[in-house]
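Visitor: Could you walk me through this model, one question at a time?
Guide: Gladly, let's look at it together.

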Amino acid sequence: MWFLRKKYTTLFVPMLLWNIPMAMFILAFQWNGQYISKYDELTSGDILNWSNALLGITERPVNEPLHFLRNLISCNIIALCIAIPFRKYPIYSFLLILIVGVFNIDSYIVLRNDILIGFFLGALLASMRIDARAIDFLLPVTVPSYLVAAFVIFYFKVDFESLWWMGHRLLGFLAAWPLIGYLNKTAFRKISKYSQFSFFMFLSHYYVEIMLFHLFSRIFYIDKFYIFFILSGPLTIGTCIVMQLIASRVAPSLLRISTGGRA
């Protein structure tokens, strides 16, 4: 029960709270007759559509990046169910998870199967007491391979749901872990002091990017929108940090609840 209560507080509550405002915005647009293609039935009170909008039951929620939390909740429930066999037979259990993920046997249980595989790959390393830093030597291979694969997928317009995309996302784990290990040995390690803002940034950046897009669309013509793509990243990060600092002073209790106690 402690495990479920913790995941409820740290994953479910933030996901729900940060989806509600976006759903209300969409509902307000629809009441004014503006069409939102993905969630065009919120005004009808359709239960499945509202469940998807707030919780991402069968598709991504309205705050789209939060599909990661929805999938993480599913992975934790699966981990709880298979904890005993996974501890006894970690390799065989992971191979079974790999088959389930690759062939999408889990259907709507986990919407992004690369998250399922990546989650249990981490569990496999932990159960076998393998230090993730052991793969740091792969850095010169995995990072260039990931970038080349990204270019190939973009150039040939590979279908997002294909196995090639899943392989690319899984390669991302093998590229990210060594890269983080390398950066921690350089001057970039100073960036770690900003990690306190990371979860709030993850939860709120979708709102900020939409507002920035709306603002830029009123100032610039479409041929100047490269300015948006150049500036949106730094502006989003800076805005999210300022928002968290303000919230920590104005509404610290709400900030703590809405971030699962991480801020």
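Visitor: Let's start with a helix pair. Which residues of helix 9 meet helix 10?
Guide: This is a predicted model, and we can take the pair from both sides. Helix 10 brings Ile227, Phe228, Leu231, Ser232, Leu235, Thr236, Ile237, Thr239, Cys240, Ile241, Met243 and Gln244 to the contact. From helix 9 come Phe200, Met201, Ser204, His205, Val208, Glu209, Leu212, Phe213 and Phe216.

Visitor: How many nonpolar residues does the contact of helix 9 with helix 10 have?
Guide: Sorting its residues by class gives six polar and one charged. The nonpolar ones number 14.

Visitor: Are helix 9 and helix 10 roughly parallel or oblique?
Guide: Helix 9 spans residues 198–219 and helix 10 spans residues 226–250, with their axes 8 Å apart. The angle between them is about 130°, and helix 9 passes helix 10 in a right-handed crossing. An angle counts as roughly antiparallel over 145 degrees and as roughly perpendicular from 65 to 115. The packing angle of about 130° therefore makes helix 9, relative to helix 10, oblique.

Visitor: How is helix 1 oriented to helix 3?
Guide: Helix 1 (residues 2–31) packs on helix 3 (residues 67–81) with the axes 9 Å apart, at an angle of about 165°. The cut-off for this class is over 145 degrees, so helix 1 is, with respect to helix 3, roughly antiparallel.

Visitor: Which residues of helix 3 make that contact with helix 1?
Guide: Helix 1 passes helix 3 in a left-handed crossing. On the helix 1 side, the contact uses Phe3, Leu4, Lys7, Leu11, Phe12 and Met15. By class, the contact of helix 1 with helix 3 has nine nonpolar, one polar and two charged residues. The helix 3 side is made by Leu69, Arg70, Leu72, Ile73, Asn76 and Leu80.

Visitor: Helix 3 also packs on helix 6. What is the handedness of the crossing of helix 3 and helix 6?
Guide: The two axes come within 10 Å and cross at roughly 50°, and helix 3 and helix 6 are therefore oblique to each other. Their crossing is right-handed.

Visitor: How many charged residues are in the contact of helix 3 with helix 6?
Guide: Helix 3 supplies His67, Phe68, Asn71, Leu72, Cys75, Asn76, Ile78 and Ala79, while helix 6 supplies Ile115, Leu116, Phe119 and Phe120. These divide into nine nonpolar and three polar residues. The count of charged residues is no charged at all.

Visitor: Which helix gives the most residues to the largest nonpolar core?
Guide: That core has 22 residues, and Trp18, Leu42, Trp50, Val62, Leu66, Leu69 and Leu203 touch the most other members. Helix 1, helix 2 (47–55), helix 3 and helix 9 are the elements that give two or more residues to this core. With seven residues, the one that gives the most is helix 1.

Visitor: What does tryptophan 50 touch beyond its neighbours within four places in sequence?
Guide: Tryptophan 50 is one of the core members that touch the most others. Leaving those sequence neighbours aside, its contacts are Ala23, Met24, Leu27, Leu42 and Gly45.

Visitor: Is asparagine 63 buried or exposed?
Guide: Asparagine 63 lies in the loop between helix 2 and helix 3. Not counting residues up to four places away in sequence, asparagine 63 touches Trp18, Asn19, Met22, Leu203, Tyr206 and Tyr207. Its relative accessibility is 0%, so asparagine 63 counts as buried.

Visitor: Where is phenylalanine 160, and which residues does it touch?
Guide: Phenylalanine 160 sits in the loop between helix 7 (139–155) and helix 8 (163–183). With a relative accessible area of 33%, phenylalanine 160 is partly exposed. Setting aside residues up to four places away in sequence, its contacts are Arg60, Trp165 and Arg169.

Visitor: What is the phi of arginine 129?
Guide: Arginine 129 is placed in the loop between helix 6 and helix 7. At 79% relative accessibility, arginine 129 counts as exposed. Arginine 129 is a residue other than glycine, yet its phi is positive, near 55°.

Methods: Residues are numbered from 1 along each chain as its sequence is written. This is a predicted model: local features need pLDDT of at least 70, side-chain atom pairs count only at pLDDT 80 or more; totals for chains, interfaces and linings use all residues. Side-chain values use heavy atoms; hydrogens and water are left out. Axes are lines fitted to C-alpha atoms, for helices over the stretch in contact, and angles run from 0 to 180 degrees between N-to-C directions. Helices (H or I, at least four residues) and strands (E, at least two) are DSSP runs, numbered from the N terminus. Angles under 35 degrees count as roughly parallel, over 145 as roughly antiparallel, 65 to 115 as roughly perpendicular and the rest as oblique. A crossing is left-handed if the near helix is turned anticlockwise from the far one by less than a right angle, and right-handed if clockwise. Contact means heavy atoms within 4.5 Å. Ala, Val, Leu, Ile, Met, Phe, Trp, Tyr, Cys and Pro count as nonpolar, Asp, Glu, Lys and Arg as charged, and the others, Gly among them, as polar. A nonpolar core is a set of buried Ala, Val, Leu, Ile, Met, Phe, Trp, Tyr and Cys residues joined through side-chain atoms within 4.5 Å. Buried means under 20% relative accessible area, exposed over 50%, partly exposed in between (1.4 Å probe, protein chains only).
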